[in-house]
Amino acid sequence: MRRRWRDVPAAAALLAPSAALLGVFVVYPLARAILLGTRKCNVSGRVCKTVGWHQYVTVWRSAPFQNALGNTLRFVAMTVPIGLVLGVGLAVLADKQLRGIGVFRTIFSSTIASSVAVASLIWLVLLNPQIGLLSHLLKDAFPVVKKPGLLNDGGTAMWGVAISSIWAGLGLTFVIVTAALQSVPRELYESAFVDGAGAWRRFTNVTLPMLSPTLLFVAVVMTARAFQTYGEIDLLTGGGPNSAGRPTETIAYLIYGKSSKIRNDIGIQSATAVLLFVLLLVVSFIQFRVLERRVHYAE
Amino acid sequence: MPSDRPDDRPALDRSSPARTVGRYVLLVVVALIVLAPVWAILMQSLKSGPDSVRHPRSLLPVDLTWDTLRHAWRAGDLGRLSWNSLVMSVLVTAGVLVTSLTAAYAFAFLHFPLRRGLFAVFLATMLVPAEVTILINKRTIESLGWKNSMVGLVVPLLATGMGTFLLRQVFLQLPQELREAASLDGLGHAKFLWEVAAPLSRPTLAALGLLTFLTTWNQYLWPQSVVDDTAHRTLQIGIAHLDNGRVDNINLVTAGTVIAALPIAVMLIAFQRHLVRGLTAGAVKG
């Protein structure tokens, strides 16, 4: 009993800074946003009144939210599987003791250095219909890149954003998968080799099962990030192109975007943000539950 | 880039020379594809204005010049923006290291009521997305009178559940006798933390520090939300405004992009190993 209380003053002093900061800037905002989600404001955003908890249902069903939800899910489906496959491919390709392999590994992980803003601006230039290199290279296969431009066509704009996002995320996936590959015991490969398994069989029967916990982790992180996509949209499309509804407005962009309809309504914004939070929790939970059954954890 | 393993792979790795050549070819091709966007942007930023309009896609500048980079630096006041980003990142990194160390120490070495519950709250804060907190923090900062200030940019980012969690893991692996011996020697908590526990967790501190610096340097939504004057703008926000909406200024944007990415690229090459530790923390067992 004495031991239990003796450390209290020291603990209070050591914990005070973090506890205060996390309390004021994470816990309080969450509670506040949940409450504000029951309020609705007028056009100027100055006068708000409480409409109640059913506003969460109203917001969920509203056309802008459903549109943003659909776009977000589409974006997740575009970026996560492709990003994962490319990242694993790069890691497997570079997982070999060759002279100069360090240079290739550095190159493959280099996109870690690009921020959301840097990656977006790089692809904004490359995809520019007049001067972009990629637009030029792809103009015969995909005329849309020139007219009106990949990011200027409502049907393809999200792909432009996805390309930028996949490229920017490649480095991180590569680094994590490479580290995981290096922890796979060599003997497993050797016994598979002795058993006459070819390269592909070794990949599917040894590499993939051993990588599966890492791949689960990476998939969950990538999905959560994709769900929160904001900067790419802000810089590449602004939720537009303007002509065709809001084909690239993600949930995060619906909350914060310059041209978002709900921008002045802190009540609706809060409700949308809380719905995004719940959605993230549910999706991560399902991913762990469903995928974990197929994951092989090494002892 | 993760540490090159000693060559301990017998038999199946001694593949035929033809296969080795094939792998090299593939590696080079893929490396070129991954690097192509960066190269194209870099070259664009080394072209003069007229050159970039006349030969926008050439992968080598016709007349190589530093003018574009210099012009972007001046026009966008990138010196000031870089300084803002640097100060913000350094302060946040230092703050996160200190708050994580002290909190992790309390959770790992001290006994007090509600310890588990409080630690669970710390962990749970990792689940709350920035989209929720920024909405409210923006107003908190405004009401504190910290809008458009470095204090406003930095303070809400000074503590993380993640940092506390990582360092607590390290502390728990330190032998318990260490703490007991220290208290027999009359070493107080502050001294033990500073002179024993912190130095012993140096690799994790380095990884956490680098990761925090990187994520802070690259922040987008938060600085955009609390800063709207040019004096306190960060680099990530500033580089998008360089073209003033004109396509013939697009090489200025590429120059800004190069300037914004360069320090991180250098850091990545210089501290690869620590950074990888930070990025893979929790992802890979063993």
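Does D67(B) count as buried, partly exposed or exposed, and what is its relative accessibility? At 46% relative accessibility, D67(B) counts as partly exposed. Welcome to a quick tour of this predicted model, which takes in chain A, its interface with chain B, the salt bridges, a buried threonine and a nonpolar surface patch.

**Chain A as a whole**

- Chain A is built from 13 helices and two strands.
- Its C-alpha trace spans about 75 × 75 × 35 Å along the principal axes.
- Of the 299 residues in chain A, 56% count as buried.
- If we take contacts in chain A between residues at least 6 apart in sequence, 63% of them join residues at least 24 apart.
- The area exposed by chain A is about 13500 Å², and 65% of this comes from carbon and sulfur atoms.

**Where chain A meets chain B**

- The size of an interface is often given as the accessible area lost when the parts come together.
- Here, about 8400 Å² is buried between chain A and chain B, with 73% of that area on carbon and sulfur atoms.
- Three residues, F25(A), Q97(A) and Y256(A), supply 9% of the area that chain A buries against chain B, which is more than any other three residues.
- In terms of contacts, 97 residues of chain A meet 94 residues of chain B.
- Polar contacts link 15 residue pairs across this interface, counting pairs with both residues at pLDDT 80 or more.
- Helix α2 (residues 8-36) of chain A gives the largest share of the side that touches chain B, with 20 residues.
- As for salt bridges, the count between chain A and chain B is zero.

**Salt bridges**

- Side chains of opposite charge can pair when their charged atoms come close.
- Over all chains, the whole structure holds six salt bridges.
- One of them joins the side chains of R70(B) and D67(B), at 3.2 Å from N to O.
- R70(B) and D67(B) are separated by about one helical turn, because they sit three residues apart in helix α3 (residues 67-75) of chain B.
- Like its partner D67(B), which is partly exposed, R70(B) is partly exposed, with a relative accessible area of 45%.
- D77(B) and R80(B) form another salt bridge, their closest N and O atoms being 3.1 Å apart.
- D77(B) is partly exposed at 37% relative accessibility, and R80(B) is partly exposed with a relative accessible area of 39%.
- In chain A, the side chains of E249(A) and R246(A) meet in a salt bridge, 2.8 Å from N to O.
- The two partners differ in cover: E249(A) is buried, with a relative accessible area of 3%, whereas R246(A) is partly exposed at 21%.

**A buried threonine in chain B**

- T164(B) belongs to helix α8 (residues 161-173) of chain B.
- With a relative accessible area of 1%, T164(B) is buried.
- A polar atom of the T164(B) side chain lies 3.1 Å from the backbone oxygen of T160(B).
- Leaving aside residues up to four places away in sequence, T164(B) touches S100(B), A103(B), A104(B), F107(B) and F122(B).

**A nonpolar patch on the surface**

- V278(A), L281(A), V282(A), F285(A), I286(A), V290(A), L291(A) and L127(B) make up a nonpolar surface patch, and together they have about 670 Å² of accessible area.
- One of these residues, L291(A), lies in helix α13 (residues 266-292) of chain A.
- L291(A) is partly exposed, with a relative accessible area of 31%.

Technical notes:
Residues are numbered from 1 along each chain as its sequence is written. Chains are lettered from A and ligands numbered from 1 in the order in which they are written. This is a predicted model: local features need pLDDT of at least 70, side-chain atom pairs count only at pLDDT 80 or more; totals for chains, interfaces and linings use all residues. Side-chain values use heavy atoms; hydrogens and water are left out. Patches are made of residues with over 30% relative accessible area and no salt bridge: like charges are joined within 9 Å, nonpolar side chains (Val, Leu, Ile, Met, Phe, Trp, Tyr) within 5 Å. Accessible areas come from the Shrake-Rupley method with a 1.4 Å probe; for residues, only the protein chains shown count as cover. A salt bridge is a side-chain nitrogen of Lys or Arg within 4 Å of a carboxyl oxygen of Asp or Glu. Helices (H or I, at least four residues) and strands (E, at least two) are DSSP runs, numbered from the N terminus. Buried means under 20% relative accessible area, exposed over 50%, partly exposed in between (1.4 Å probe, protein chains only). Contact means heavy atoms within 4.5 Å. Buried area is the accessible area (1.4 Å probe) that two parts lose on being put together, summed over both. A polar contact is a pair of N or O atoms within 3.5 Å; within protein, one must be able to donate a hydrogen and the other to accept it, and residues adjacent in sequence count only if both atoms are side-chain atoms.
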